[in-house]
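User: Hi! Could you walk me through how the domains in this one fit together?
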Amino acid sequence: MNTGAIYHRPESEFGYLYTKETMHIRLQVAKNDVAKVELLAGDPYLLDTERWFEQPYEMDFKLQTELFDYYNIEISAKYKRLSYMFKLTGFDGSIVLYTDQGIFPAEETYYLMPNNYFRMPYFHEIDRFKAPDWVKQTVWYQIFPERFANGDQSNDPEGVKDWNPNEVPDRQDFYGGDLQGVIDHLDHLQDLGINGIYFCPIFKANSNHKYDTEDYLHIDPSFGDKEIFKKLVNECHSRGIKVMLDAVFNHMGDTSPQWQDVLKNGKNSRYADWFQINEFPVSYTETNDFEFSNDATYDTFAFTPHMPKLNTANPEVQDFLLNIAEYWIKEFDIDAWRLDVANEVDHHFWKRFRRRCDRLKKDFYILGEIWHSSQSWLQGDEFTAVMNYSYTDAIIGYFVHKNITLDKMVSVINSQLMKYRRQTNQMMFNILDSHDTPRILTVAQDDKDIVKQTMAFTYIQPGVPCLYYGDEYSVTGSMDPDCRRCMPWGIEDQDQDMYAFVKNLIKIRRDNDMELSESDLIWELVDQENGVIELQRGNLKAFFNAGAKAVEFNKDKNILLSNLVNENIVEPKGFVIELK
Ligand code: ARE
Ligand code: CA
């Protein structure tokens, strides 16, 4: 047995409370190395009297990656505490015990030493990572407000350009989109079937994207005002649509009064400690690229001198930001915050942030923008989820770029799922594109069948899907700023076939929301050579042909959605989703 690959860590995604009464215990072992895994588990205070270690529980084989196999067991405990260790039987016939103090040969003496057991000292409900049902039932829609719809020309910024969905925007262009425009098109969103909107920043700022906040307590005047925002939230809520705002707390805009005060008063500014300043007076060298300067004497977002980084270790800054978070929840009843550059802000602050939000609204959703492994933010006391780029990267890599193999995609997906608690996976924000990436149709080189296949695959994954505005009409665009074109509202610019497809897919997702959220992801067939995948998610079955040849499948009566399927033949780029 390859004992070097065996891994477990108590009170982590390997051992956690799933419900109030049940915990999940996971174990990692080397791929194809172990025939059987058993858990020896019982109450820590009854070790001697009950000899529970003589009745092992068999663990289930869960998922496989290119390196590891993962086992899992759901277990409850009468007295809400548990001691446990693992007994592994290798394919080579060897048997070992894996304990809190390492690997031992399977001899009874070790069973009897209490400190050899891993421990779940108590089932603390308050520490449990909670997954609100409403999130499981949500299909999100992301809006970049400057480009969604212009509902009020009286607030248009100076130099506004004509609304033109076929034009590639420049970095500094304005087209006049606003909140009234969103209100005007809520019927569209409702017809499409989404029930959550994620708004990119709407607070007062100078750029078109508004990530350079000048004033967090005002709606940008070119987007509207508080009254209109209130109306928007109410309209959304009355249609069952949740509202998520973007919180840019890593940095501020350099036109903010706080930063302006630092420019004016230097070291003596009362805001001098609000930012991460390395040297006074603050300065940077202006370059041709407005966004870039690598010699600023203060820390910034990336190399953007116009976005000075906040010092969130300063209690005054913490209170300032927490009051902002509170204000928009309390006064406007928003349902969620999306946290910009969440990975570059300290954990101490996010823990306070979480507590404040929880206190104000039950089941509040906190979505961190993190593009890499996020375990330390997802323990239950910081975020509810992260933007799941790491997961969808693998899907896009296989179905669209074709630069990874099918086996690799499955391996990455499985290893992503094993990075987080099961209930965390149910919350993850699955996106195929956003305001920070090229449009999925452009990545697919305008091949709509590939987009449909990729979307179908993504919408039946664990987690919640988010549609980027305009994808329902086949909007294209490469990297930012091209991915932020004006929404096509003229019928001649709208792809009605894609709209119908996306609408159906959202309907399937919503009709089966709890099922798709809570059931296991079962890979029935992964045929690397032919590019064929068969998946099971609760009541749903799905079949994908990502290979080059047409393939046969066993046709069922209850087909919910398909593309490129004739009778029982699935063409390349085709798929079927059916009810079992
Ligand atoms: C501008 C240019 C970009 C350039 C950037 C950095 O347009 O081409 O890369 O500057 O110099 C906002 C605007 C952007 C603007 C930026 C600066 O929307 O248009 O970009 O301000 O003025 C990383 C961060 C991630 C961040 C992205 C952009 O980890 O947090 O970069 N995303 C958020 C928002 C953005 C927003 C900001 C941050 C700033 O969602 O819209 O930008 O408030 C890899 C890495 C990621 C990296 C990602 C994208 O995959 O893993 O870490 O994200 O690429 O570059
Ligand atoms: Ca306008």
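Analyst: Happy to; we can go through the domains and then one of the interfaces, keeping in mind that this is a predicted model.

User: Great. What domains does the assignment give for the chain?
Analyst: The assignment gives domain 1 (3-126), domain 2 (135-249 + 312-517), domain 3 (257-305) and domain 4 (520-579).

User: Let's take domain 1 and domain 2. How many Å separate their centres?
Analyst: Taken over C-alpha atoms, the centres of domain 1 and domain 2 are 39 Å apart. Their contact involves 13 residues from domain 1 and 15 residues from domain 2.

User: And what area is buried between domain 1 and domain 2?
Analyst: About 1,300 Å² is buried there, with carbon and sulfur atoms giving 53% of that area.

User: Switching to polar stuff: how many salt bridges does the rule find across that interface?
Analyst: The rule finds 1 salt bridge between domain 1 and domain 2. On salt bridges, K408 pairs with E66, and their closest N and O atoms are 2.7 Å apart. There are also 8 residue pairs in polar contact across the interface of domain 1 and domain 2.

User: Nice. Which elements of domain 1 give two or more residues to the side that touches domain 2?
Analyst: Those are β1 (15-17), β2 (22-30) and β5 (60-64). Of the elements on that side, β5 gives the most, with 3 residues.

User: What's the residue mix on that side of domain 1?
Analyst: The side of domain 1 that touches domain 2 has 5 nonpolar, 4 polar and 4 charged residues.

Terms used
Residues numbered from 1 in each chain as written. Chains lettered and ligands numbered in written order. Predicted model: local features only at pLDDT ≥ 70, side-chain atom pairs only at ≥ 80, totals over all residues. Heavy atoms only, no water. Domains from an automatic or database assignment. Contact = heavy atoms within 4.5 Å. Buried area = accessible area lost by both parts, 1.4 Å probe. Salt bridge = Lys/Arg side-chain N within 4 Å of Asp/Glu carboxyl O. Polar contact = N/O pair within 3.5 Å; in protein donor to acceptor, adjacent residues only side chain to side chain. Helix = DSSP H or I, 4+ residues; strand = E, 2+ residues; numbered from the N terminus. Nonpolar A, V, L, I, M, F, W, Y, C, P; charged D, E, K, R; others polar.
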